[in-house]
Amino acid sequence: MMDFTSSLYLGMKHSSKELNDWQQLTTGVPAALGEADLALQVGNYVAGMQGLEEGLTAPSTLHLYWDLFDYLCHQPVVLFIDEKVYPVSRYGIEKLLIRKVPVHPFRHFDADHVAELIRKNSTRSTTPVIVSDGWCPSCGRAAPLQQYAALVKPLKGAVIVDDTQAFGVLGTRKRNGKPYGQGGGGLLRWQSLQSDTIITIVSLAKGLGVPMSVISSTHQFIGSFARHSQTRVNSSPVSLAHLQAAMNAFRINRLEGDERRSALWRNISLLRSLLQRAGILVQGGIFPVQAIRCHSRQQTIRLWEELKKRNIRSVLITPHGEQQPALCLIVHSDHTPGDIRVLADAIKKHHFLFKQSDHVNTLTGNPYRTGSAQTIPGWKAGA
């Protein structure tokens with residue numbers, strides 16, 4: 001079975017033979033009472049990759065968002081959250097709503113809309129906090145973090161970025177023709193952004209293949225966040241197995257990361273080229289998550305079934321919660337050119353199923369789409 005469903009973008013698997021030994025799986029105490037030195041090393045290494053001062057580990061992004069929203073409940077903030085933000089990034093936001101903290105959704109990656117909302121809803125006694133994903137795999141583009149940071153900096157606010165998708169894939173851009181840049185430090189490096197307003201949350205489960213998470217920012221913020229964390233008091237810390245896997249991922253990234261990213265780009269370029277030559281529009285831009293659309297829901301499901309018959313695994317998605325599904329193909333660095341050609345040939349045999357667009361973004365390969373911010377129950381209208 002040829003698999004195009006896994007999000008292990010750089011093919012990091014971390015078999016037991018690759019990892020250093022550990023004497024016990026977990027410490028037996030919550031992180032607040034005592035944390036393995038390795039956890040501190042991993043957190044700070046992830047922060048350093050992004051150009052940030054300090055990082056703190058957690059078992060998942062859910063743990064971090066739960067704590068983060070509880071932390072913000074006790075701060076004089078106004079929250080501005082991207083309407084299309086990853087669902088986990090909303091978990092725990094009810095705490096803010098219960099405490100009457102204003103929460104305003106804004107149009108996806110629309111810095112002008114955020115600026116308008118900040119002007120209308122910020123006061124002298126509050127600070128603005130923007131919550132956004134870093135890279136959107138559904139529309140194949142990056143958040144305008146430079147603009148977000150510039151908006152909140154004069155008001156002593158913050159930008160919370162979930163950089164899970166880009167971390168490990170994107171990095172420092174140099175004039176070498178590499179679209180992903182180098183190092184895998186994520187979107188901050190890719191956009192050359194350094195700002196003390198930035199707070200990042202990243203899961204290492206995508207680019208680095210380790211299901212654990214890190215929150216990174218300034219020393220001051222991380223210290224305050226750790227002291228107020230509930231999950232660090234009431235749940236187990238990241239296991240030693242996961243921490244050793246993270247150290248292995250860092251080693252692989254240092255030795256082979258840029259080579260793996262180059263292989264990933266070659267595979268994506270080959271797939272897009274083969275399909276576009278056949279007149280099939282591919283969405284996703286430079287990112288591993290590629291999607292194609294058919295004329296109808298039934299035809300999309302039919303294409304998925306036809307690929308499955310050929311032992312090709314793909315996944316059906318509804319980008320940004322749309323009603324019409326798309327066929328999603330996740331490309332890895334360890335797919336071979338032969339794998340890509342087999343996939344493209346199988347898709348081209350069903351060319352008549354595909355929906356084409358008259359308006360295409362030449363940078364991302366995506367149709368232009370318009371829409372307005374969602375109205376989410378309990379949120380103040382973002383008008």
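Buried means under 20% relative accessible area, exposed over 50%, and partly exposed in between, with a 1.4 Å probe and protein chains only. The model is predicted: local features need pLDDT of at least 70, side-chain atom pairs count only at pLDDT 80 or more, and totals for chains, interfaces and linings use all residues. Residues are numbered from 1 along each chain as its sequence is written, and side-chain values use heavy atoms, with hydrogens and water left out.

**Exercise 1.** Find the buried residues of helix α4 and what covers them.

*Solution.* Start with naming: helices (H or I, at least four residues) and strands (E, at least two) are DSSP runs, numbered from the N terminus. Helix α4 spans residues 111-121, and its buried residues are Ala111, His113, Val114, Ala115, Leu117 and Ile118. Next, look for contact (heavy atoms within 4.5 Å). The cover over these buried residues includes β3, β4, β5 and α5.

**Exercise 2.** Work out the strand order of the open sheet and its edge strands.

*Solution.* Two strands pair if DSSP finds at least two bridges between them. Following the pairs gives seven strands in the order β2-β10-β9-β8-β5-β3-β4, with mixed pairing. The edges are β2 (54-58) and β4 (103-106), each paired on one side only.

**Exercise 3.** Describe how β5 joins β8.

*Solution.* Strand β5 (residues 127-133) and strand β8 (residues 158-162) run parallel and are joined by five bridges. For one of the bridge partners, take Asp133, which is matched with Asp162 in β8.
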